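Here is a short note for someone opening this entry for the first time. Please keep the structure in view while reading the points.

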Amino acid sequence: MLKRGLIFIHALVLFTIVHVKAQEKGGVIVTKDSLITQLQNFRAAMGINPVESKTTTVPSKPVVRSAATRVKVRGFRVQIFAGSSRNQAFSEQTRFRGMYKDVDTYITYDEPNYRVKVGDFRSRSEANAFMRELRQYFSNVFVFSESVFVYQ
């Protein structure tokens with residue numbers, strides 16, 4: 001038992017000396033796992049935190065909803081309520097609709113919680129700007145990435 005303890009202490013001291021010498025030389029070796037690159041490429045393909053910044057084009061004319069088609073794309077929504085009370089979820093939805101009549105709202109139920117999410121944003125920056133605006137009216141406001149509806 002004493003022999004094992006001495007071997008362990010010797011190995012610990014040796015490791016510490018090597019570690020200190022590596023830091024003194026300024027040599028830091030960074031190894032990147034190949035799975036990180038694959039994950040970054042997947043997220044860029046799905047439009048979630050892309051590696052390269054995408055340029056977006058602003059349409060010259062606003063889209064007329066009656067003449068446009070509604071399609072589902074990957075985007076962002078702002079959650080304004082999460083809780084187990086159905087009545088409170090519908091009350092928060094009604095309160096939001098009173099403030100923002102032109103923004104769509106969605107209620108989902110994942111047992112045991114109801115969630116109220118608002119908006120259909122193509123970019124995270126739009127959703128974050130709207131979230132900052134909503135923080136003065138609602139508590140616990142978050143941005144979520146999910147499929148959203150847009151008109152083209």
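1. Start with Arg 77. In this predicted model, its side chain reaches the backbone oxygen of Gly 119 at 3.1 Å. A second backbone oxygen, that of Ser 147, lies 3.4 Å from a polar atom of the Arg 77 side chain.

2. Where does Arg 77 lie? Arg 77 is part of strand S1. Is Arg 77 buried or exposed? Its relative accessible area is 6%, under the 20% cut-off, so Arg 77 counts as buried.

3. Arg 77 also touches Val 118. Leaving out residues up to four places away in sequence, Val 118 further touches Val 78, Ile 80, Phe 96, Val 103, Asp 104, Thr 105, Phe 130 and Leu 134.

4. Val 118 belongs to the largest nonpolar core, which has 19 residues. Val 118 is among those with the most contacts inside this core, along with Val 78, Ile 80, Phe 96, Phe 130 and Leu 134. Two strands and two helices each give two or more residues to the core: S1 (70-83), S3 (113-121), H3 (86-99) and H4 (124-134).

5. Now the whole chain. Its secondary structure comes to four helices and four strands. Along the sequence the pattern reads α-α-β-α-β-β-α-β.

6. Contacts and surface come last. Of the contacts with a separation of 6 or more, 71% join residues 24 or more positions apart. The chain has 152 residues, and 22% of them are buried. About 11,800 Å² is exposed, with 57% of that area supplied by carbon and sulfur atoms.

Definitions and conventions:
Residues numbered from 1 in each chain as written. Predicted model: local features only at pLDDT ≥ 70, side-chain atom pairs only at ≥ 80, totals over all residues. Heavy atoms only, no water. Core = buried A, V, L, I, M, F, W, Y, C linked by side-chain atoms within 4.5 Å. Buried < 20%, exposed > 50% of the residue type's maximum accessible area, 1.4 Å probe, protein only. Contact = heavy atoms within 4.5 Å. Polar contact = N/O pair within 3.5 Å; in protein donor to acceptor, adjacent residues only side chain to side chain. Areas by Shrake-Rupley, 256 points an atom, 1.4 Å probe, with all protein chains shown as cover.
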